[in-house]
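Thanks for asking me to look this one over. Please have the model open while you read, and turn it as you go through the points.

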Amino acid sequence: MRIYTRTGDQGETGLFGGQRVAKSHPRVEAYGDVDELNAILGICVAHCAEEHLRTLLESLQSELFVVGSDLATPLEEGDTVGKKPVQRVSEGMCAELEALIDRHEEGVPELSYFVLPGGTPLAAYLHLARCVCRRAERAVVAAAGKESINPDAIVYLNRLSDLLFTLARYANHQAGHAESPWVPSPGG
């Protein structure tokens, strides 16, 4: 099987279920941002020496394939396309992210100020992932204004961005790297 199909040469792509849409379609924009987020998490994995955190990040990468699959499959298609089951984001996935946030906040100093994104290379990439996650969330919200989108996908991305912020702080703390507080400029 070749990687190129030539089916998208005219600026269209196929959703699960066979519907053809423009590559600029809001649904495609949304799952494209999710794909970019997944690639950035791959960079995070490459910079991660801690097994627990690397395993967690790889698990999140797998879950982002579920998010992408959900976004690429209109709700009208149901939970199967042909004979293949469609994976959908669930409330349980969102609840698990909340549990992960709570678990990784333990032992990290309480946040009493805005922090500048950065620190260790891993933490800096986790902050970048958080920003791309927020963009993906905005794209999904925009698509939901025009299409039927699983609302749990929006909740999932919202919680994931919070988790990525928490993991950036956790990574800095584990490495003994102090966070840099934001200091407003005088008179500004």
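My notes below go from the overall fold to the charged side chains and then to a patch on the surface.

1. First, a reminder about what you are looking at: this is a predicted model. The protein has 5 helices and 4 strands. If you walk along the sequence, the elements come in the pattern β-β-α-α-β-β-α-α-α.

2. On overall dimensions, the C-alpha trace spans about 55 × 40 × 35 Å along its principal axes. The protein has 188 residues, and 41% of them count as buried. About 10500 Å² is exposed, with carbon and sulfur atoms supplying 54% of that area.

3. How do the contacts spread along the sequence? Taking the contacts with a separation of 6 or more, 70% are accounted for by residues 24 or more positions apart. You may like to keep that figure in mind for the pairs described below.

4. Now to charge. There are 17 positive and 26 negative side chains in the protein. The centres of these two sets lie 8 Å apart. Side chains of opposite charge can pair when their charged atoms come close. In this structure, the salt bridges number 10.

5. A good pair to pick out on screen is E147 with R27, a salt bridge whose closest N and O atoms are 3.1 Å apart. E147 sits in the loop between α4 (121-144) and α5 (151-174), while R27 belongs to helix α1 (residues 26-46), so this pair ties together parts that are 120 residues apart in sequence. Are the two partners buried or exposed? E147 has 25% relative accessibility and therefore counts as partly exposed. R27, by contrast, counts as buried because its relative accessibility is 1%.

6. Next, find R135 and D33, whose side chains meet in a salt bridge at 3.0 Å, N to O. R135 is in helix α4 and D33 in helix α1, so here the pair ties together parts that are 102 residues apart in sequence. With 30% relative accessibility, R135 counts as partly exposed. D33 is at 11% and counts as buried. These two residues also belong to a wider arrangement: D33, E36 and R135 are linked in a network of salt bridges.

7. Helix α4 also holds a local pair. The side chains of R134 and E137 meet in a salt bridge, again given as 3.0 Å from N to O. Both residues lie in helix α4, 3 residues apart, which is about one turn of the helix. R134 has a relative accessible area of 28% and is partly exposed. E137 counts as buried, since its relative accessibility of 13% is under the 20% cut-off.

8. Finally, a look at the surface. Which residues make the nonpolar surface patch of about 360 Å²? They are F114, L116 and W182. Of these, L116 is placed in the loop between α3 (91-105) and α4. L116 has 41% relative accessibility, so it counts as partly exposed.

9. To pull the charged pairs together for your own viewing: E147 with R27 links a loop to helix α1, and R135 with D33 links helix α4 to helix α1. R134 and E137, on the other hand, both lie within helix α4.

Technical notes:
Residues numbered from 1 in each chain as written. Predicted model: local features only at pLDDT ≥ 70, side-chain atom pairs only at ≥ 80, totals over all residues. Heavy atoms only, no water. Helix = DSSP H or I, 4+ residues; strand = E, 2+ residues; numbered from the N terminus. Buried < 20%, exposed > 50% of the residue type's maximum accessible area, 1.4 Å probe, protein only. Contact = heavy atoms within 4.5 Å. Areas by Shrake-Rupley, 256 points an atom, 1.4 Å probe, with all protein chains shown as cover. Lys, Arg positive; Asp, Glu negative; His and termini not counted. Charge placed at Lys NZ, Arg CZ, Asp CG, Glu CD. Salt bridge = Lys/Arg side-chain N within 4 Å of Asp/Glu carboxyl O. Patch = residues over 30% accessible without salt bridge, like charges linked within 9 Å, V, L, I, M, F, W, Y side chains within 5 Å.
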